[in-house]
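Trainee: I should like a close look at a single part of this structure, the sheet of chain A, followed by its wider setting. In what order do the strands of the open sheet stand?

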Amino acid sequence: MTLLLAQALDPEGPVAESAAGLWWLMLALGAGVFVIFAVFLGVGLFRARPGDAPEAGPQPPDRFGPWLVGGGVALPLVVIAIVFAATVHAMRDVPTRAPAGALVVEVVGHQWWWEVRYPAEGITTANEMHIPVGRSVALQLTSADVIHSFWVPALGGKLDLLPDKVNTLVLEADEPGRHLNRCAEFCGLQHTLMGMDVVAERPDAFAAWVSSRQPAAAEPAAPDALRGRDVFLGAGGCASCHSVRGTSATATTGPELTHVASRASLGAAAVPNTPDELARWVSDPHTIKRGVAMPAPEISGEQLADLLAYLGTLR
Amino acid sequence: MSAVAEPPPPGPGPKVEEPLTHEELNALFADPPGLWGQLTGVQNDKLGARLLFTGFFFLLLGGSVDSVVMRLQLAIAENSLVSPETYNELFTNHGTVVMFLVILPIFEGFAILLLPLILGTRELPFPRLGAFSYWTVLFGGLLYYSSTLFQLVPDAGWFAYTPLSGPTYSPDLALDFWVLGLGVAEVGAIAAAIEIIIGVLKMRAPGMTLSRLPIFAWALLVFSFMILFAFTPLIIGSLLLELDRGFGTQFFNPAQGGSSLLWQHLFWIFGHPEVYIQFVPASGVVSMIIPVFMRKRLVGYTWLVGALVAIGFLSFGLWAHHMFAVGLPPLVLSFFAAASMLIAVPAGVQFVGWLSTIWAGRAQWKTPLLFVVGFLVIFVIGGITGVMVAAVPFDLQAHDSFFVVAHMHYVLIGGVAFPIFAGVYYWFPKFTGKMLDERLGRWNFWLLFVGVNVTFFPMHIVGLLGMPRRVYTYSDDLGWGPYNLASTIGVLAFIVPGIAVFIWNVLRSMRRGERAGNNPWGGDTLEWATSSPPAEHGWSVLPIVTSRHPMWDQTELHKGDERLERFVQALAQWPLRWRAAVIVGTADARPQEVFRVAHPSIWPLVAACGVVLIFIAELIKLRWIIAVAVVTVVVALIGWNWPEDPPMSVEEEEAFEREHGVAVNAGGSVVVATWGMGLAILFVGIAFSALLLSYFYLRLENPIWPPPGIDEPGLARAAVAAALLAVSGRVVYVALRRVRIGDQTGFVMGLIGTLVLGLGAFLLQFRDILTMEFGATQHAYGSIFHTLAWFVGVVTVGGMVMLATAAYWAVRGQYTVRRHATVANIARFWTAAVVIWAAGFGTLYLGPYLT
């Protein structure tokens with residue numbers, strides 16, 4: 001049954017699991033209520049009655065009082081009491097504060113991309129998040145502009161990123177997997193293309209990823225990449241908005257690019273990060289994601305080739 | 001209740017009398033002919049039909065075309081039929097139009113059209129307010145829609161969350177069209193609500209006590225109170241948003257002490273009751289139709305009335321369930337989860353009442369019943385998913401996903417659209433004299449019933465698969481394609497043809513439908529006694545009601561105690577020179593007053609033009625026009641209420657009073673005016689409360705209040721001003737006592753004294769405000785300080801305009817010992833203004849010290 005494959009109901013973490021458990025309970029209760037309703041409606045409408053014409057003459061007053069009390073008040077009260085108890089129980093599985101030993105990740109929503117920082121590890125990246133399995137992750141969510149919402153259905157429910165507050169979302173992944181976090185609060189023109197890969201992996205793989213993200217960018221060796229770096233850092237160039245650690249590029253308007261070449265996707269999960277897509281993205285991002293803040297650069301074909309060569313070194 | 005008889009088979013029921021004066025009364029209540037009559041008309045049938053037509057017009061425009069295009073775009077993965085801009089505009093428009101411009105006008109149309117007949121009265125209390133309501137809804141809708149002409153279509157969602165909808169992220173005028181166009185329509189909704197409340201409570205047939213009130217009227221009463229309490233905070237929210245957008249205030253700007261969530265609170269305090277505002281009258285329609293087509297009295301009438309009232313109250317306590325994902329504390333989440341689930345109790349009572357009636361009755365399978373059964377099935381599914389999304393941990397998954405889209409359409413199509421269709425099929429014969437075709441009706445029903453399920457059921461699944469709302473496309477590998485395709489097929493193959501059949505049925509039946517008699521369905525309520533279509537005045541001889549089901553239980557419609565009989569017969573003969581209607585006691589429904597309802601007038605249209613001009617001037621930023629428009633509105637209101645010489649002498653009135661023991665007020669109703677003023681004060685009070693709530697919300701969000709660099713306000717001037725105003729609040733009652741004992745000089749002096757004291761307080765206070773060291777654009781503190789101050793100022797100026805008008809008429813000797821109700825009402829308003837002044841300036845001046 002396809003329903004069983006539904007992401008929110010195919011939990012890969014304890015938070016999503018308790019929400020899914022609540023769902024199955026409510027589905028069972030809801031189905032029961034619907035069946036009771038349907039039986040009464042169907043029988044009431046179609047059961048055979050003596051005679052065709054309505055009876056005339058006096059008729060005793062209605063005797064439906066017990067039904068109103070039982071079916072109208074008691075039954076809903078019982079059902080919602082069960083659902084409410086299950087709700088409160090499940091809410092206790094959703095921590096609202098970072099437990100001790102949790103990995104802290106700061107997530108800042110931007111129109112329309114995700115800034116991701118690991119303060120203890122000294123990493124800043126964008127549109128990619130790796131988390132170790134079996135360890136609580138405390139996401140500190142906030143926004144640089146409008147309201148966004150963080151949602152990875154397989155790991156748990158969503159929580160908003162507000163410009164004037166930091167919200168903490170605690171998640172945990174039970175098993176390795178690649179998930180998509182998709183913005184769930186309408187945030188403007190490209191709300192649709194505001195995604196981020198969230199990779200849950202074994203602690204050793206996670207540690208390897210962390211150490212791959214920590215070093216500053218290496219000095220490029222190839223001459224075209226060196227020329228490309230000049231394009232990147234030149235006046236009015238990429239460095240007006242982007243930063244690459246180890247260079248003079250420190251602007252924070254756009255995503256951090258120190259290791260952009262080894263990310264899985266471009267444009268906040270708009271397209272996969274292949275050389276062709278990267279070339280298309282850099283030469284005119286609006287063909288992929290209309291309305292994005294990044295302009296198409298006014299550079300020659302050779303400069304573009306150099307720039308792409310440089311970006312390719314940012315692994 | 002003692003033993004009652006089963007209702008008779010479909011038949012005409014008791015006869016309504018049509019005396020010789022019938023034609024004369026009909027002409028008296030008719031609007032003038034021609035275009036002028038269209039512009040000045042106040043006749044309730046015409047207004048109601050116009051509202052209904054306008055609502056359906058916007059439904060086809062915004063409800064249907066938009067959704068078809070959206071479904072085409074989402075039919076297959078990675079489709080590029082429409083651009084992201086267009087898609088965002090489409091879903092914004094779809095939600096906005098349906099929530100503001102479709103369902104509300106349709107139910108207000110039903111109300112204005114039907115209530116006089118159902119209640120057994122000739123008119124509603126404020127025919128001119130009804131006309132004003134229609135014009136504002138129409139103009140507001142057109143102003144909103146005119147954004148299309150300028151390529152400035154709103155695109156921030158129907159909820160317009162800040163900061164996205166604020167000046168930084170939506171800089172062009174598109175959102176101003178949204179705020180201002182809807183603002184006009186909201187004014188119209190509130191006007192109609194006031195009309196309906198007083199109509200239901202005070203204008204009924206003699207003998208129609210509250211326990212005999214048809215349940216649809218109860219539903220409309222609850223509906224109208226909810227509009228008053230829900231739309232008023234929205235108007236305040238819209239005001240704050242527009243001030244941020246147009247005047248640089250900081251209410252929603254976090255960088256300057258504003259709050260991104262304040263808007264969500266104000267919006268959902270409106271937005272959640274709005275859902276029940278739509279459901280409550282729909283369930284009223286269902287409660288009217290089931291008994292007629294089951295040939296069985298409604299089971300549990302009192303319970304169902306209680307359920308309606310309970311829903312009305314509960315719906316205001318659960319707005320935050322739209323905000324489960326914003327990061328509220330767990331205790332708050334649990335409270336709102338419990339409150340949201342509790343609504344299942346009154347809904348459960350309604351369902352048991354309906355099911356019991358069906359159980360005990362025998363189905364007459366006509367189209368209205370089909371739609372009602374469809375309603376029951378679809379709405380119960382929407383209700384079950386409604387309890388699910390109240391469970392916080394599950395909602396955090398379902399929230400803003402297609403699961404919620406599915407839930408909401410089950411609720412709104414099942415719970416509201418199906419009863420509307422049922423109501424149209426049920427009452428169409430009454431208003432056109434023609435039956436809608438039954439065969440087409442069955443096609444209409446089955447196409448929609450199948451279509452709704454095919455379209456919206458798969459959305460539950462695709463939502464749980466992770467598909468968020470408001471996305472213009474999705475990638476192929478997510479497995480969402482088949483569900484989306486099914487939804488699109490549901491719309492194209494079933495819903496669109498279903499709507500087409502409905503339109504065809506209406507057009508066809510208008511021209512050559514089978515003729516309907518007075519009571520084609522064998523209905524139990526009073527509207528089925530009148531001719532189809534009804535006369536302009538509805539009733540020549542008012543009915544006397546002795547049962548909840550007069551058409552089933554009464555053999556005579558005009559028999560009762562002898563005094564009442566003479567009264568209703570006398571009213572059919574006198575007065576034939578002015579439009580007389582009857583006010584009854586709220587509970588006992590005994591006649592209290594015969595009064596003159598307003599006749600056609602151009603002023604409601606002028607006032608509506610003035611209101612829309614205020615909003616247009618703000619839209620195009622030509623703010624001097626606002627002054628012109630405000631003057632237009634004030635002039636129109638004065639013209640609208642211009643006292644007219646009673647068309648008869650006091651002696652004549654007194655003769656009728658002596659004869660029947662019922663007061664006559666040919667100059668205008670005392671009771672209606674008092675109730676109207678009471679509701680106007682309530683409206684102002686709710687608006688003021690919403691502003692106070694905003695003040696305290698911002699106060700709590702800002703640990704330092706006032707912000708650094710702004711001093712606490714000085715108290716001396718404000719204290720003197722408040723004292724002056726408090727004294728004026730006593731003086732106006734001195735004036736009132738003077739007129740009651742016939743002391744004209746003392747009366748005039750008292751009014752002028754009140755005015756002078758009020759003006760003094762106003763000048764003193766606002767000199768202080770205008771010389772403040774900080775402006776409205778400086779920090780949210782300055783924004784709320786000046787906005788709240790000027791709100792109180794406008795209320796006070798409104799009171800002073802009333803006082804000045806009253807003083808003018810007092811000098812001209814308009815008010816007498818017998819006729820001075822206007823002055824009493826103005827005194828009440830002035831008292832309210834004094835209280836609001838004290839609370840408002842008390843908060844503003846003392847608040848900063850209380851930390």
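Mentor: The account below begins with the sheet and then turns to the chain contact, the cores and chain B.

This is a predicted model, in which local features need pLDDT of at least 70 and side-chain atom pairs count only at pLDDT 80 or more, while totals for chains, interfaces and linings use all residues. Residues are numbered from 1 along each chain as its sequence is written, and chains are lettered from A and ligands numbered from 1 in the order in which they are written.

The open sheet of chain A consists of five strands in the order β4-β3-β2-β6-β9, with mixed pairing. Strands (E, at least two residues) and helices (H or I, at least four) are DSSP runs, numbered from the N terminus; two strands pair if DSSP finds at least two bridges between them. At the edges of the sheet stand β4 (123–126) and β9 (167–171) of chain A, and each has a single partner strand, so one side of each lacks a neighbour in the sheet. From one strand to the next the twist averages 25°, with axes fitted as lines to C-alpha atoms and angles running from 0 to 180 degrees between N-to-C directions. Within the sheet, β2 (residues 103–110) and β3 (residues 113–118) of chain A are antiparallel and share five bridges. One of the bridge partners is W113(A) in β3(A), which pairs with H110(A).

The contact between the chains takes 74 residues from chain A and 69 residues from chain B, where contact requires C-beta atoms, placed from the backbone, within 7 Å. On the side of chain A that touches chain B, α1 (14–46), β1 (58–59), α2 (65–91) and β8 (159–161) each supply at least two residues. The most come from α2(A), with 15 residues.

The largest nonpolar core has 372 residues, and L115(B) and I289(B) have the most contacts inside it. Such a core is a set of buried Ala, Val, Leu, Ile, Met, Phe, Trp, Tyr and Cys residues joined through C-beta atoms within 7 Å; buried means that 20 or more other C-beta atoms lie within 10 Å of the residue's own. Leaving aside residues up to four places away in sequence, I289(B) touches P368(B), L369(B), V372(B), A422(B) and Y426(B). Another core, of 14 residues, lies apart and includes A239(A) and L307(A).

Chain B has 26 helices and four strands. Of its 851 residues, 60% count as buried.

Key
Two residues are in contact if their C-beta atoms, placed from the backbone, lie within 7 Å. A residue is buried if 20 or more other C-beta atoms lie within 10 Å of its own, exposed if 12 or fewer, and partly exposed in between; C-beta atoms are placed from the backbone.
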